[in-house]
Amino acid sequence: GPPAMVTASRFPQRVSRLVMLASVGLRRHRGLFMNPKSIWPAIALSYLPGVQAMMVRNTRAAYKRMRFPGSDKLEAAEVRHHASIVAGISFRQLNAAAAKVNCPSLVSYAEDDKLVEPRVGEGLAHALNAETLVFPEGGHNIQKTKAENIAEAICGTPL
């Protein structure tokens, strides 16, 4: 979500539509239990064997609670990669980008998302003046659990 929104704001001539699926929004959400910038020291420490094992174990458990497919197979490099993506989030940058997006946009989320609460999607949709596609259930992985519905909303015809 965030890279797509920043791209749409910086290169409007290259982005004709924006679709945000269960995306990070413009403020912290329940899945971000700490400031994104404070994650960098944890990433650096994760190369230590004991810390690495703990980080992998805790991330697998957290992802399993959120029903991420394949969470039990996550390895240290993937955990560090995911952590670096989260650590790179700048809500100041995202708010500035949202204000500059001028293409038709769709924000979709599920009300039972255990990572990003519905208020985040609502706020993002408001900031982007976007249409919304809200599912009562589907979790955080609506791109998988609601793929056909999302494709129909984007393309206008069922698959």
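Visitor: I would like to start with strand pairing. Which residue stands opposite Met-20?

Guide: Val-107, in β2, stands opposite Met-20. Keep in mind that this is a predicted model.

Visitor: How many bridges join β1 to β2, and in which direction do the two strands run?

Guide: Four bridges join β1 to β2, which covers residues 105–110, and the two strands run parallel.

Visitor: What is the order of the strands in the whole sheet?

Guide: The order is β1-β2-β3, three strands in an open sheet with parallel pairing. The edges are β1 (18–21) and β3 (131–135); each has a single partner strand, so one side of each is left without a neighbour in the sheet. On average, neighbouring strands of this sheet are turned by 15° against each other, direction ignored.

Visitor: Which helix lies across these strands?

Guide: Helix α8, residues 147–155, lies across β1, β2 and β3. Its direction is at about 165° to β3.

Visitor: Now a loop residue. Is Asn-141 buried or exposed?

Guide: For this we need a cut-off: buried means under 20% relative accessible area. Asn-141 has 8% relative accessibility, so Asn-141 counts as buried. Asn-141 sits in the loop between β3 and α7 (142–145). Leaving aside residues up to four places away in sequence, Asn-141 touches Arg-67, Phe-68 and Pro-69.

Visitor: On to pockets. How much space lies in the largest pocket?

Guide: About 1,400 Å³ of space lies there. The largest pocket is lined by 43 residues, and the closest to its centre are Leu-32, Tyr-63, His-82, Val-86 and Leu-115. The elements that give two or more residues to this lining are α1 (2–10), α2 (39–45), α3 (49–65), α4 (76–87) and α5 (91–100). The largest share, eight residues, comes from α3.

Visitor: How do the residues of that lining divide by chemical class?

Guide: The lining of the largest pocket has 27 nonpolar, 13 polar and three charged residues.

Visitor: And how much space lies in the second largest pocket?

Guide: The second largest pocket holds about 240 Å³. Of its 13 lining residues, Arg-17, Ser-105, Leu-106, Glu-131 and Ala-153 lie nearest the centre. Here we return to the sheet and its helix: β1, β2, β3 and α8 are the elements that give two or more residues to the lining of the second largest pocket. Strand β3 gives the largest share, three residues. By class, the lining of the second largest pocket divides into eight nonpolar, three polar and two charged residues.

Note on methods:
Residues numbered from 1 in each chain as written. Predicted model: local features only at pLDDT ≥ 70, side-chain atom pairs only at ≥ 80, totals over all residues. Heavy atoms only, no water. Pairing = 2+ DSSP bridges. Axes fitted to C-alpha atoms, helices over the stretch in contact; angles between N-to-C directions. Contact = heavy atoms within 4.5 Å. Buried < 20%, exposed > 50% of the residue type's maximum accessible area, 1.4 Å probe, protein only. 1 Å grid on protein atoms, 1.4 Å probe; cavity = no way out; pocket = protein on both sides within 12 Å on 5 of 7 lines; lining within 4 Å. Points joined across faces, edges and corners; volume = space filled by probe spheres on them. Nonpolar A, V, L, I, M, F, W, Y, C, P; charged D, E, K, R; others polar.
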